[in-house]
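Visitor: Could you take me through one part of this protein up close? I'd love to see how the sheet and what packs against it fit together, and then how the rest relates to that.

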Amino acid sequence: MLLPGWPQTWWQFHQVMPALAEHYQVIAVDYRGMGASAKPADGYDKKTMARDVYELVRHLGHEKVNIAGEDIGAMVAYAFAANHPEATNKLAFWEVGHPGEVFNDLRMMPQPGQPHLWWFAFNQVDDLPEKLLAGRYRLLLDHIINLETLDPEVPPRCGGG
């Protein structure tokens, strides 16, 4: 079970899925709110999102899965393993920051040479991001990818740059 990071979708895994499929049944899923998945008004806490994944696992007839995620997908994968240990065979996650004290020191406004995560605050504003980005979401994605990628001309292999 592969869970993507924000702002990506299951497609971030398309290049590694064939190799994994040589040894595993591969399921890459968009959790609630991402990609083509449903976008309910609530339920975006990681426990609820992990429950969605658990219900999918059961619906597909699996007792246990190996689950892996990046970024927000890692948070959901961790919540899956923590809340459904009986359904977890192995857990892997990467590129996820623990929301501890280090986040308090990150600047929201860009400073030259300093890391910043302005979109964390932007995405917390009720209804505004959806209204501003309707039909223009690609502009935000391109900006963030160009900001975070070492070389924007080199396509990412699996997820980040």
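Guide: Happy to; we will start with the overall layout, go into the sheet and its covering helix, and finish at the C-terminal side.

Please keep in mind that this is a predicted model. The protein has seven helices and three strands, and from the N terminus its elements follow the order β-α-α-β-α-β-α-α-α-α. Of its 161 residues, 32% are buried. Among contacts with a separation of 6 or more, 56% are between residues 24 or more positions apart.

Now to the sheet. The three strands form an open sheet in the order β1-β2-β3, and their pairing is parallel. β1 (2-3) and β3 (88-94) are the edge strands; each has a single partner strand, so one side of each has no neighbour in the sheet. Strand β2 (residues 65-70) and β3 run parallel and are joined by six bridges. One pair to find on your screen is I67, whose bridge partner in β3 is L91.

Helix α3 (residues 72-83) packs on this sheet and touches β1, β2 and β3. The direction of α3 makes about 150° with that of β2. With 12 residues, α3 reaches 16 Å from its first C-alpha to its last, close to the 16 Å expected at 1.5 Å a residue. Its buried residues are G73, A74, V76, A77, A79, F80 and A81. Their cover includes the strands β1, β2 and β3, together with helix α2 (46-59).

A good residue to zoom in on is A68, which sits in strand β2. A68 counts as buried because its relative accessible area is 13%, and buried means under 20%. Leaving aside neighbours within four places in sequence, A68 is in contact with M1, L2 and L3, with A77, and with A92 and W94. The C-alpha atoms of A68 and L2 are 5.1 Å apart, although 66 residues separate the two along the chain.

What about the nonpolar side of this region? The largest nonpolar core has 18 residues, and those touching the most other members are M1, L3, V53, I67 and F80. At least two residues of this core come from each of α2, β2 and α3. Helix α2 gives the most, with five residues. For F80, leaving out residues up to four places away in sequence, the contacts are A50, V53, Y54, V57, V65, I67, P85, A87 and T88.

Apart from that core lies another one, made of six residues, including W119, F122, L133 and L140. L140 takes us to helix α7 (residues 137-148), which has 12 residues and reaches 17 Å from its first C-alpha to its last, close to the 16 Å expected at 1.5 Å a residue. The buried residues of α7 are L140, L141 and I144. Seen down the axis of α7, these buried residues fall within an arc of 95°, so they line one face of the helix. Part of their cover comes from α5 (118-122) and α6 (128-133). On the face of α7 turned away from the buried side you will find the exposed residues R138 and L139.

To retrace the tour on your own screen, begin at A68 in β2, go on to α3 where it packs on the sheet, and end at the buried residues of α7.

Conventions. Residues are numbered from 1 along each chain as its sequence is written. This is a predicted model: local features need pLDDT of at least 70, side-chain atom pairs count only at pLDDT 80 or more; totals for chains, interfaces and linings use all residues. Side-chain values use heavy atoms; hydrogens and water are left out. Helices (H or I, at least four residues) and strands (E, at least two) are DSSP runs, numbered from the N terminus. The expected span of a helix is 1.5 Å times one less than its number of residues. Buried means under 20% relative accessible area, exposed over 50%, partly exposed in between (1.4 Å probe, protein chains only). The arc is that of the directions from the helix axis to the C-beta atoms. Contact means heavy atoms within 4.5 Å. Two strands pair if DSSP finds at least two bridges between them. Axes are lines fitted to C-alpha atoms, for helices over the stretch in contact, and angles run from 0 to 180 degrees between N-to-C directions. A nonpolar core is a set of buried Ala, Val, Leu, Ile, Met, Phe, Trp, Tyr and Cys residues joined through side-chain atoms within 4.5 Å.
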